[in-house]
Amino acid sequence: MQPFEREPLRVANESALSPHEFALFEHRLDASTAGLAKGCRAVCCFVNDRLDREAIATLADLGIELITLRSAGFNNVDLDAASERGITVTRVPAYSPYAVAEHTAALILALNRHLPRAVGRVREHNFSLNGLLGFDLHGKTVGVIGTGRIGVCFIRIMAGFGCRVLAHDPFENPDALEAGAEYAPLDDLFAQSDIVSLHCPLTTDTHHLIDADAFAKMKPGVMLVNTGRGALIDTRAAIEALKSRHLGSLALDVYEEEEGVFFHDLSDEVLQDDVLARLLTFPNVMVTSHQAFFTGEALGNIMDTTIENLTGYEQSAIPDANIVGKPG
Ligand code: NAI
């Protein structure tokens, strides 16, 4: 658990009818650290914990009955292994779609108008505008892949800028249509969008959804934004597309190898990930460290639902929407 999570957890736990007892660890939960859960009935995890079959075997041997995630995504948990070992898995299905949608918009604006560079320059008393040229969002076409809670919030924001929004999702959401989006086949979305933004979950179907073929179908100069999950994009293909200038700019809040890197201060260390290191050299790439969710409102909601899941487990009354895995 990160230091910034402690206070919102304490506040949520104190307001529970019967507060729970927590042992807090800063280590990432994986097979090598799972033994720390000794003496507990539940483990409470976040996106960069790795609950693979090996970690789950250790947890099950220690008597863990519940894995309760402080995230919406659950791609980091081997649900089959949990089910086989009689462990229930819960999540926080929605805590603030606004937080993620607003960060996505912030990335687009900052990348388009070169804000980090502009602010850095002015601090150095360099008031030149060379290299800072952006484009109007008004009138541009934005492709939104995944029109669930976050996708719809994002559509509303982009519609507010006067963008045309093309959407793609296996299930049409009336709220997306009401917000002004038109659904389109993926290839049409790629061909027509000036900005493509990813808001679908990471599954076997969506792994490397954006690969070299997808880049080839996109408009030259397209901006790609990913606040979904890192492995939606084949990062090596993205680097090639950036080098050829076909991909005009890239904003990432998530990265396929972010485990062990994002959320940590590595400023005194040598970055071992050559792909990430290469990405960080491009002037038209902006990376944030999985912070799209990170607002006070979202953290409060995450902790409230986590406490609700723990209490619900004890009382056999977890809300259905929060359960992602049941004992087999
Ligand atoms: P949601 O479940 O409300 O919506 C996901 C949508 O994606 C659904 O409409 C679903 O039908 C659609 N989808 C599934 N497969 C698809 C495919 N192959 N192509 C297009 N659409 C597809 O989820 P929500 O709350 O909108 O979150 C979306 C994702 O955002 C999460 O799965 C998570 O990975 C990511 N996320 C990132 C955060 C961050 O801090 N960067 C924080 C919270 C979520």
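Helices and strands are DSSP runs, numbered from the N terminus, and that numbering gives Arg245 its address: the loop between α10 (235–243) and β9. The model looked at here is a predicted one.

Taken as a whole, the chain holds twelve helices and eleven strands. Its radius of gyration is 21 Å, close to the 20 Å that the globule rule gives for 328 residues, so the chain is as compact as a globular protein of that length. Along the principal axes, the C-alpha atoms fit in a box of roughly 60 × 50 × 35 Å. Of the 328 residues, 48% are buried. Contacts often reach a long way along the sequence: among those between residues at least 6 apart, 64% join residues at least 24 apart.

Then there is the outside of the chain. The accessible surface is about 16100 Å², and carbon and sulfur atoms account for 52% of that. As for charge, there are 26 positive side chains and 45 negative ones. The centres of these two sets sit 5 Å from each other.

Next come the cysteines. A disulfide is a covalent bond between the sulfur atoms of two cysteines. Searching the whole structure turns up zero disulfides. Why is there no bond at Cys153? The closest cysteine sulfur to that of Cys153 belongs to Cys163 and is 16 Å away, which is too far for a bond, since a disulfide needs the pair within 2.5 Å. Seen from the other side, the sulfur of Cys163 has Cys153 as the closest partner, again at 16 Å and too far for a bond. Both residues are tucked away from the surface: Cys153 has a relative accessible area of 8% and counts as buried, while Cys163 is buried with 10%.

Several loop residues are worth a look, starting with the one named at the outset. Arg245 has a phi near 75°, a positive value in a residue other than glycine. With a relative accessible area of 64%, Arg245 is exposed. Phe263 also has a positive phi without being a glycine, with a value near 80°. The place of Phe263 is the loop between β9 and α11.

That loop, between β9 (247–252) and α11 (274–279), is where Gln272 is found too. Is Gln272 buried or exposed? A relative accessible area of 65% makes Gln272 exposed, because the cut-off for that label is over 50%. Gln272 and Glu14 are 258 residues apart along the chain, and their C-alpha atoms are separated by 41 Å.

His125 sits in another loop, the one between α5 (115–123) and β4 (141–145). This histidine, His125, is exposed, with a relative accessible area of 64%. From C-alpha to C-alpha, His125 and Tyr95 are 41 Å apart in space, with a sequence separation of 30 residues.

Thr58, by contrast, belongs to a helix, namely α2 (residues 53–61). Its relative accessible area is 26%, so Thr58 is partly exposed. Which residues does Thr58 touch, leaving aside those up to four places away in sequence? They are Ala34 and Gly35. His27 lies 31 residues from Thr58 in sequence, and the C-alpha atoms of His27 and Thr58 are 16 Å apart.

Methods: Residues numbered from 1 in each chain as written. Predicted model: local features only at pLDDT ≥ 70, side-chain atom pairs only at ≥ 80, totals over all residues. Heavy atoms only, no water. Helix = DSSP H or I, 4+ residues; strand = E, 2+ residues; numbered from the N terminus. Rg over C-alpha atoms; globule rule 2.2 N^0.38 Å. Buried < 20%, exposed > 50% of the residue type's maximum accessible area, 1.4 Å probe, protein only. Contact = heavy atoms within 4.5 Å. Areas by Shrake-Rupley, 256 points an atom, 1.4 Å probe, with all protein chains shown as cover. Lys, Arg positive; Asp, Glu negative; His and termini not counted. Charge placed at Lys NZ, Arg CZ, Asp CG, Glu CD.
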